[in-house]
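Work through the following exercises with the model open beside the text. Each task is followed by a solution that goes step by step.

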Amino acid sequence: MSAQPLIQLEHVTKAYPGVDEPAVKDLNLNVNPGEILVLVGPSGCGKSTTLRLINRMIEPTSGRIIYEGDHRREHRHCSTVAEVAEGQGQGAR
């Protein structure tokens, strides 16, 4: 039996007004307890936006973000994102 994901993104899209393409489009992602998540890609591909979505600094245009089975919008999870970033070593920014 597998554990419930710590963080789940279900069909998450983030579009900013006045921009043709969404910053994040239809992202599905599960992060299980004990896993380390590393987002790698070129400038402008949605890495920072994804982290801001996960810690609820910004809200998705569509889709759901679920933290430990809870998808309520009023919860912010900055500490989880910070812990993951700190665990990446000296090269993390």
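**Exercise 1. Find the residue that stands opposite Lys14 in β2, and then describe the sheet around that pair.**

Solution. Lys14 has Val24 of β2 as its opposite residue, where strands are DSSP runs of E with at least two residues and helices are runs of H or I with at least four, both numbered from the N terminus. The model is a predicted one, in which local features need pLDDT of at least 70 and side-chain atom pairs count only at pLDDT 80 or more, while totals for chains, interfaces and linings use all residues. Residues are numbered from 1 along each chain as its sequence is written, and side-chain values use heavy atoms, with hydrogens and water left out.

Next, consider the pairing: β1, which covers residues 7-14, joins β2 in the antiparallel sense over five bridges, and β1 and β3 are likewise antiparallel, over five bridges; two strands pair if DSSP finds at least two bridges between them. The three strands thereby make up an open antiparallel sheet with the order β2-β1-β3. Its edge strands are β2 (24-31) and β3 (62-67), each of which pairs on one side only. From one strand to the next, the twist averages 10°, with axes fitted as lines to C-alpha atoms (for helices over the stretch in contact) and angles running from 0 to 180 degrees between N-to-C directions.

**Exercise 2. Determine which strands α1 touches, and which of its residues are buried.**

Solution. Helix α1 (residues 47-54) packs on the sheet and touches β1, β2 and β3, its direction making about 120° with that of β1; contact means heavy atoms within 4.5 Å. Within α1, the buried residues are Thr49, Thr50, Leu53 and Ile54, buried being under 20% relative accessible area, exposed over 50% and partly exposed in between (1.4 Å probe, protein chains only). Viewed down the axis of α1, these buried residues fall within an arc of 140°, so they line one face of the helix; the arc is that of the directions from the helix axis to the C-beta atoms. Just after α1, Arg56 adopts a positive phi of about 65°.

**Exercise 3. Explain how Gln8 is placed in the sheet, and decide whether it is buried or exposed.**

Solution. Gln8 lies in strand β1, standing opposite Asn30 in β2 and opposite Ile66 in β3. Leaving aside residues up to four places away in sequence, Gln8 touches Leu29, Asn30, Arg64, Ile65 and Ile66. Gln8 is buried, its relative accessible area being 16%, in a strand that is mostly covered, since six of the eight residues of β1 are buried.

**Exercise 4. Identify the elements that supply the largest nonpolar core, and place that core in the whole chain.**

Solution. The largest nonpolar core has 12 residues, among them Leu9, Val24, Leu53 and Ile65; such a core is a set of buried Ala, Val, Leu, Ile, Met, Phe, Trp, Tyr and Cys residues joined through side-chain atoms within 4.5 Å. At least two of the core residues come from each of β1, β2, α1 and β3. Val31, which also belongs to the core, touches Pro5, Leu6, Ile7 and Leu37 when residues up to four places away in sequence are not counted.

Finally, turn to the protein chain, whose elements run β-β-α-β-α from the N terminus on. Of its 93 residues, 29% count as buried. Among contacts with a separation of 6 or more, residues 24 or more positions apart account for 51%.
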